[in-house]
Amino acid sequence: MLTGIPVSHGISIAPAVRLTHTTPTAQKPVVASVDVARELVLFDQSVEQTREQLDQLREQTNLQLGPEKAAILSAHLAFLEDPAFVGEMKSLIESQSIDAAAAVEQVADQFISLFESMDDDYMRERADDIRDVSRRLVRNLSGEDSSVYYPEEPFILVAWDITPSETLQLPIQNVRGIVTAKGGATSHAAILARSLGIPAVMGVGEQLMAEVDSGGLLILDGATGELYNQPDRDTLSRYQEKAALEAAERQAYEAMRDLPAETVDGHRVQLVANMAVPEEADTLVESGIEGIGLFRSEFLFMDRSSLPDEEEQFQAYKRVASAFGDKPVIIRTLDVGGDKHLPALALAQEDNPFLGFRAIRISLARPALFRVQLRALLRASAFGQLLIMFPMISHLEQLRESKAMLEQAKSELREEGISFDENITVGMMMEIPGACLQADAFAKEVQFFSIGTNDLVQYTLAVDRMNGEIADLYSYYHPAVLRLISNVIEASHRAGIWTGLCGEMAGDPLATKLLLGLGLDEFSGAASVMPKVKERIRSTTLEQAKQLAAHALTLSTVEDVVRFLKDETE
Amino acid sequence: MIEFQVTVMVEGGLHARPAALLVNRAAQSQSKITLNKGDKQADGRSILGIMTLGVAQGDHLTVQIEGSDEEHVAWAIQQMFHASS
């Protein structure tokens, strides 16, 4: 079994197809007597052919995926006009009498190492673009058809890495899965896989290419990151069952798609989804989800050296808000700290980043940054049902200050005559135990709470969830966590506001009845698990759930709580 | 020859998109355009040359333009840097 980073969930069983490139490292011996004139003609032809391919691909990409993705190809086309690139290759052929492919590689290598040595992340990534274009040139020179031939049948794509233009050329209808040796959750291919709902695992490492051959059967589990190459009969039948179950569940949920998340006795709650990148919006809208309970704005700030300006943020928020129409979209303001690599913010490394300078603390310390985000959010609120949520509030002053800045941004926009939702709903994350204990005070000054169990458990139990040594201590079924959750929900209802939950717990079917009984109004988890939660809600009454929750609150260990819930659900 | 200094105000510096704008303008001119940052030089017609200069927001560049339409081109390029500030 191989494992990698789970990037896009789902199980897929299909033959592997390796995406092979002409390996640029296979150095041919330098032939002394190259026919220079002939090489120059071949080179020109290859440039022309490459230009035509890129032109066509750009047009197609523009139509299918939009101008943003097509801009990558415009940059590639610009390289073909560059005297320092193409011109340099030609003069190398002439001056050193080397064959065209060798000239392409020499010049490309120079630029690749130049880009890779730059200290700007954006520029470092441009090395991939140079690789992409030079591979194409070399392939066209060798007369090899550069359009990779994919089978007409379903397959799982296996590759060392996938260049942006290769991603855009995949025959999506037959791609059942994507596996790469390199890359991670934010690569082009990962984002595309998620937005199209194709299971994907990335960053498997070198063994992938050593072990997996084209044509061999592959099992890919996009939820766990597991891969089985040429599985034995037992594994295969186990996964076939799992896949069949998944498919059956999908169908069952499909049938439930348009039914409300309502208990047998008519108590209605909201089932919404968490979202990380705007590309997911369209798939989510189709999945029949009732809205977005948590849209993390961090994606706009990651992997780049400059901060996104108001216009860029506005466009991104607007896109999401309008995709969901009248369904609510909760956007959380920037929630990062020293544990994330954010060159644009130049945050210092901290010994204790989860207790340090992060989230709302950064926003309030850098009002210029916060102001831009608030203005962009307000402007986008004119295009849908947008709600604003502040992360990591521990002190009432922070909430008041954040709201004051929001009011300030509103009056600026009013003066500028820019429209926005005057009655935009404002809420806060409940993820710090201190705030949960003081929920009654906070409830008077916001319109909703959203409990973030992932951080709440970490802070309540003093357990770093990334530390494997103490992983067994980390549980949202800990009685102290349950009491905090109960306290927050009760305080919110006394003040006449609602409470949602946007941690993993919201998508855990074992916790559904308990949360329902505690009075939770909104469940926000990964879209893939929400149908299961809906089924649980539709199969109980509010009264039963309340009794279950009341009893669960009397239990004193994690083990007791879990055993009780398991007994009750089975 | 005309020589002048500009301060790059484009957010994120001269990355692919602004560099492409500059190259397009250079390609329409009859003059030779050279960008200097410190002791590094780039041909105004080369998008990769400009990108690998590694020009960040706030950097100063010296621009040299030489050719029959140098005055016109100098004006256009100055406008470009100002417009994007």
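# A tour of chain A, from its eight-stranded sheet to its helix pairs

Begin by selecting β3 (residues 11-18) and β4 (residues 155-159) of chain A: these strands run parallel and are joined by three bridges. Within this pair, Ala16(A) is placed opposite Ile156(A) of β4(A). The model on display is a predicted one.

**The other side of β3**

Keep β3(A) selected and add β7 (residues 217-221) of chain A. The two strands are antiparallel, and five bridges join them. Two pairs of residues may be labelled here. Ser12(A) has Leu220(A) as its bridge partner in β7(A), and Ile11(A) stands opposite Asp221(A) of that strand. Is β7(A) mostly covered or mostly open? Four of the five residues of β7(A) are buried, and the strand is thus mostly covered.

**The hairpin**

Next, extend the selection to β8 (226-229) of chain A. β7(A) and β8(A) are paired in the antiparallel sense, with four bridges. Leu220(A), already labelled as the partner of Ser12(A), also stands opposite Leu227(A) in β8(A). The two strands form a hairpin with four residues between them. Select Gly225(A) in the turn: its phi is positive, at about 85°.

**The helix across these strands**

Now display helix α9 (residues 233-256) of chain A. This helix lies across β3, β7 and β8 of chain A, and its direction is at about 120° to that of β3(A).

**Strands β5 and β6**

Move to β5 (residues 175-180) and β6 (residues 200-202) of chain A, which run parallel and are joined by two bridges. The residue to select in β5(A) is Ile178(A), whose bridge partner in β6(A) is Ala200(A).

**The whole sheet**

Select the strands visited so far together with β1 and β2 of chain A. In what order do the eight strands of the open sheet stand? The order is β1-β8-β7-β3-β4-β5-β6-β2 in chain A, and the pairing is mixed. The edges are taken by β1 (2-3) and β2 (5-8) of chain A; each has a single partner strand, so one side of each is without a neighbour in the sheet.

**Helices α1 and α5**

Leave the sheet and select helix α1 (residues 36-65) of chain A with α5 (121-141) of chain A. Their axes come within 9 Å and cross at roughly 120°, which makes α1(A) oblique to α5(A). The crossing of the two helices is right-handed. To see the contact, show Leu42(A), Ser46(A), Val47(A), Gln49(A), Thr50(A) and Gln53(A) on α1(A), and Arg136(A), Leu137(A), Asn140(A) and Leu141(A) on α5(A). By class, these residues are four nonpolar, five polar and one charged.

**The contact with chain B**

Bring chain B into view. How many residues does each chain give to the contact? Chain A gives 18 residues and chain B gives 16 residues. On the side of chain A that touches chain B, at least two residues come from each of α2 (67-80), α3 (83-96), α4 (100-116) and α5 (121-141) of chain A. Coloured by class, that side of chain A shows twelve nonpolar, two polar and four charged residues.

**Helices around α22**

Go now to helix α22 (residues 558-569) of chain A and add helix α19 (residues 509-518) of chain A; they pack at an angle of about 95°, with axes 10 Å apart. The two helices are therefore roughly perpendicular to each other. Leu510(A), Lys513(A) and Leu514(A) of α19(A) meet Leu565(A), Lys566(A) and Thr569(A) of α22(A). This contact has three nonpolar, one polar and two charged residues.

Replace α19(A) with helix α21 (residues 542-552) of chain A. The axes of α21(A) and α22(A) are 10 Å apart, and the packing angle is about 160°; that makes α21(A) roughly antiparallel to α22(A). The crossing is right-handed. On α21(A), select Leu548(A), His551(A) and Ala552(A); on α22(A), their counterparts in the contact are Val561(A), Phe564(A), Leu565(A) and Glu568(A). The classes here are five nonpolar, one polar and one charged. Leu565(A) takes part in this contact and in the one with α19(A).

**The full chain**

Finally, show all of chain A. Its secondary structure comprises 22 helices and 16 strands. Of the 570 residues in chain A, 43% are buried. Among contacts between residues at least 6 apart in sequence, 67% link residues at least 24 apart.

How values were computed:
Residues are numbered from 1 along each chain as its sequence is written. Chains are lettered from A and ligands numbered from 1 in the order in which they are written. This is a predicted model: local features need pLDDT of at least 70, side-chain atom pairs count only at pLDDT 80 or more; totals for chains, interfaces and linings use all residues. Axes are lines fitted to C-alpha atoms, for helices over the stretch in contact, and angles run from 0 to 180 degrees between N-to-C directions. Angles under 35 degrees count as roughly parallel, over 145 as roughly antiparallel, 65 to 115 as roughly perpendicular and the rest as oblique. Two residues are in contact if their C-beta atoms, placed from the backbone, lie within 7 Å. Ala, Val, Leu, Ile, Met, Phe, Trp, Tyr, Cys and Pro count as nonpolar, Asp, Glu, Lys and Arg as charged, and the others, Gly among them, as polar. A crossing is left-handed if the near helix is turned anticlockwise from the far one by less than a right angle, and right-handed if clockwise. A residue is buried if 20 or more other C-beta atoms lie within 10 Å of its own, exposed if 12 or fewer, and partly exposed in between; C-beta atoms are placed from the backbone. Two strands pair if DSSP finds at least two bridges between them.
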